[in-house]
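Thank you for making the time this morning. I would like to walk you through one model, going from a cavity to the cores and then to a sheet, and I will try to keep to what the coordinates support.

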Amino acid sequence: MSKVVYEGWMVRHGRRKIGRSFIHMRYFVLETRVLGYYKRKPQDNMVPIKTLLIDGNCRVEDRGLKMHHGHMVYVLCVYNKKEKHHRITMAAFNIQEALIWKEKIELVIDQQQDLMTANTNKIYTSFQYKSSVDNGRNASSSDRESHPEEEEENQSALLRRTTIGNGLPESVLDWTRELDSRLSNQNNSDQIFSRKHWRLVRCQNGLRVFEELLEVDYLPRSCSRAMRAVGVVEATCEAIFEHVMSMDGTRFEWDCSFQYGSLVEEVDGHTAILYHRLQLGWFPMLVWPRDLCYVRYWRRNDDGSYVVLFRSREHPNCGPQPGFVRAHIESGGFIISPLKSRNGRPRTQVQHLMQIDLKGWAVGYFPSFQQHCLLQMLNSVAGLREWFSQTDESHMVPRMPVMVNMTSNSASSRKERKTQENSIQPNPSVDQMHSASRHSVMLDEDSDEDEDYQIPEPEQEAYPVKLENDIGLADEEPSGQIDLAGFSGILRRDDRDKSRDCWRISDGNNFRVRSKHFTYDKTKIPAGKHLMELVAVDWFKDVKRMDHVARRKGCAVQVASEKGLFSLAINLQVPGSTHYSMVFYFVTKQLVPGSLLQRFVDGDDEFRNSRLKLIPSVPKGSWIVRQSVGSTPCLLGKAVDCTYIRGPKYLEIDVDIGSSTVANGVLGLVCGVITTLVVDMAFLVQANTFDELPERLIGAVRVSHVELSSAVVPMLESGPSAE
């Protein structure tokens with residue numbers, strides 16, 4: 001009887017027949033003979049969606065890294081070499097889980113192969129004995145070793161553990177091969193060779209920084225010698241590798257030279273073309289910023305170490321950008337190698353090498369510019385060490401924005417960006433961060449017909465990584481279809497970065513929310529697209545607290561009601577000698593029956609208080625204020641008094657910040673700095689169960705340097721009353 005070897009939630013990732021990529025969470029179960037997956041955790045005699053019989057002919061291919069709208073998944077393909085059309089493709093959001101599954105499946109395959117080999121040997125030995133008697137001689141061991149079938153089986157067993165991909169690109173120099181061969185053998189006399197060609201030039205931020213001493217025929221003045229930083233990070237190789245591979249907002253926390261990065265082209269699971277903007281911080285008024293377009297290749301070695309290699313190259317979709325000097329990476333990358341743990345904590349040696357030609361006139365006139373920039377890039381190793389030493393977060397969903405064609409800033413490109421969600425123009429430095437090519441994430445295979453078994457449950461069908469580019473999810477309406485004419489508020493909207501006394505829609509990916517599998521591994525993901533459209537912001541003042549502002553005639557709630565739209569008004573009430581209220585108006589075409597948002601709107605106050613969540617953030621301001629406010633989510637209904645007013649086509653939430661001393665320390669600080677700093681606020685309904693996950697933002701807003709003098713006394717003329 002088969003027994004369960006390993007089980008858990010994994011990702012089904014592939015391509016539909018109509019060409020669109022898909023991604024679903026499925027519960028995989030590996031038994032001693034069968035691998036199968038289910039829509040939910042199996043109970044009783046539940047029939048799996050699909051199964052694959054595991055025997056000695058099965059293989060596990062490492063398909064490497066695949067992108068799905070900026071989200072990275074590590075893909076494995078399990079198939080029978082005699083029936084390759086029968087396969088199961090599975091993926092994980094972190095490489096640790098993918099490696100565990102690969103190891104478990106290979107273990108089952110080896111066990112089945114041992115059984116096949118044992119049975120074959122019995123038959124073969126009997127046949128060989130009879131043959132040797134007939135031929136008057138004894139069979140030798142060399143006769144058995146010469147059989148091509150056994151050699152093919154042994155070779156296939158090794159190939160199962162070989163990384164699949166197109167291999168190292170010809171243009172990329174694998175500097176790690178020579179370095180690893182010298183440093184891995186402690187008794188090798190070539191260590192003298194190593195010391196000869198690498199000289200320790202400084203110790204900085206706990207790192208040893210080496211300079212290569214190889215003689216070269218010609219080295220451009222703007223090109224540095226290769227330099228290498230070596231440090232020890234108390235984390236697993238896998239965790240460090242995922243940080244190195246990601247290029248989302250989390251990279252700002254450990255890489256001081258990073259400004260923006262995105263995927264240009266996915267070559268295969270181990271090779272990609274990337275675009276990278278550097279934040280060098282060296283006389284920005286005089287020296288132009290640098291950007292890069294390079295090929296990145298990665299692999300995992302048999303000893304558990306990871307190698308990531310860089311080399312610049314040109315790409316038709318990533319031409320020179322106005323205002324940037326295109327630098328050139330001669331050679332670079334990371335070696336992430338495991339060390340023996342100490343005091344129960346994992347330890348990893350991280351080596352970061354870089355040889356770069358920064359180009360431009362500044363390098364020739366300012367030699368210190370080259371050294372400053374190179375050391376700033378190498379300091380990312382120290383940033384990784386400090387990040388892991390100061391956080392307990394063990395899970396992370398790596399992410400990389402996918403860029404569109406950057407050959408020109410044509411009118412068509414601007415038009416495409418204008419039609420994106422909320423009709424907001426992003427920061428020019430990241431203006432292509434949220435536009436994705438639908439065809440860049442296709443797998444070279446059809447799906448396993450999983451869509452034939454889909455059930456009409458919106459949370460089950462739509463996985464959160466479709467948030468940015470796949471419109472038409474069951475629980476949202478495309479924001480472009482909402483008529484925004486007629487909406488206005490006291491506070492003006494201005495999408496420019498340096499504007500004051502205004503608001504703009506904050507990008508949902510600035511906030512991290514619970515993922516689909518949060519209940520199992522506590523992972524969080526960028527929030528993505530909002531459920532509702534922020535159409536207006538009012539800024540009121542009065543001698544008394546202002547309640548039920550939605551009844552004010554002519555306000556955004558009343559305008560939305562006339563258009564047949566549903567509104568959610570969030571009224572943040574700031575007490576004082578003069579009472580202030582900042583009101584955010586979110587609208588949508590309709591509430592999806594059965595959705596978490598609909599249950600929140602029509603639920604009782606107890607349910608609402610237990611679910612309404614605020615995520616604050618101060619992107620621009622003093623360090624003390626940013627640390628005080630933080631970005632920790634807060635359940636508003638449990639921190640302060642919230643009054644819910646349900647109208648015919650709206651729900652108003654009056655949040656009395658003055659009702660709690662504790663809340664005044666957190667929410668009061670947020671609202672207090674609204675008048676002097678740039679503050680982001682995201683509102684959402686907390687998801688607690690698997691069916692409710694992933695979390696989705698109701699909406700997010702950024703208010704910039706709001707002046708107290710711009711607040712007005714509200715008119716008391718009333719519109720339609722609440723129910």
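**A cavity, two cores and a sheet**

Let me begin with the second largest cavity, whose lining, sorted by class, consists of 11 nonpolar, four polar and three charged residues. Please keep in mind throughout that this is a predicted model. The cavity has a volume of about 180 Å³, and a search of the whole structure finds seven cavities of 30 Å³ or more. Of the 18 residues that line the second largest cavity, those nearest its centre are Arg251, Asp255, His276, Phe310 and Met354. If you want to find the place by secondary structure, the elements that each give two or more residues to this lining are strand 12 (271-278), strand 13 (290-300), strand 16 (328-342) and strand 17 (345-357).

Stepping back for a moment, the protein has 18 helices and 29 strands, and buried residues make up 54% of its 723 residues. When we take the contacts with a separation of 6 or more, 67% of them are between residues 24 or more positions apart.

That brings me to the nonpolar cores. In soluble globular proteins, nonpolar side chains tend to be buried together. Here the largest nonpolar core has 72 residues, and the ones with the most contacts inside it are Leu35, Met90, Trp101, Ile105, Ile240, Phe241 and Ile356. To take Ile105 as an example, and leaving aside its neighbours within four places in sequence, this residue is in contact with Leu30, Leu35, Val60, Val78 and Met90. Apart from the largest core lies another, of 44 residues, which includes Met582, Val679, Ala687 and Ala711.

Val679 leads us to strand 28, and here I would ask: how many of the eight residues of strand 28 are buried? Eight of the eight are, across residues 678-685, so the strand is largely enclosed by the rest of the structure. In a regular strand the side chains alternate between the two faces of the sheet. In strand 28 both faces are covered, with Val678, Asp680, Ala682 and Leu684 buried on one side, and Val679, Met681, Phe683 and Val685 buried on the other.

Strand 28 belongs to an open sheet of five strands in the order 18-29-28-24-25, with antiparallel pairing. Strand 18 (502-505) and strand 25 (634-635) stand at the edges with a single partner strand each, so one side of each is left without a neighbour in the sheet. Within the sheet, strand 28 pairs with strand 24 (residues 612-620) over seven bridges, and Ile615 has Ala682 of strand 28 as its bridge partner. Seven bridges also join strand 28 to strand 29 (residues 697-704), where the bridge partner of Asp680 is Arg702. Strand 24 and strand 25 are joined by two bridges, and Lys613 is matched there with Leu635 in strand 25.

Finally, let me point to Glu707, which sits in the segment after strand 29. At 34% relative accessibility, Glu707 counts as partly exposed. Leaving aside neighbours within four places in sequence, Glu707 is in contact with Arg500, Asp501 and Trp539. Glu707 and Asp501 are 206 residues apart along the chain, yet their C-alpha atoms are separated by 5.8 Å.

Note on methods:
Residues numbered from 1 in each chain as written. Predicted model: local features only at pLDDT ≥ 70, side-chain atom pairs only at ≥ 80, totals over all residues. Heavy atoms only, no water. Core = buried A, V, L, I, M, F, W, Y, C linked by side-chain atoms within 4.5 Å. Buried < 20%, exposed > 50% of the residue type's maximum accessible area, 1.4 Å probe, protein only. Contact = heavy atoms within 4.5 Å. Helix = DSSP H or I, 4+ residues; strand = E, 2+ residues; numbered from the N terminus. Pairing = 2+ DSSP bridges. 1 Å grid on protein atoms, 1.4 Å probe; cavity = no way out; pocket = protein on both sides within 12 Å on 5 of 7 lines; lining within 4 Å. Points joined across faces, edges and corners; volume = space filled by probe spheres on them. Nonpolar A, V, L, I, M, F, W, Y, C, P; charged D, E, K, R; others polar.
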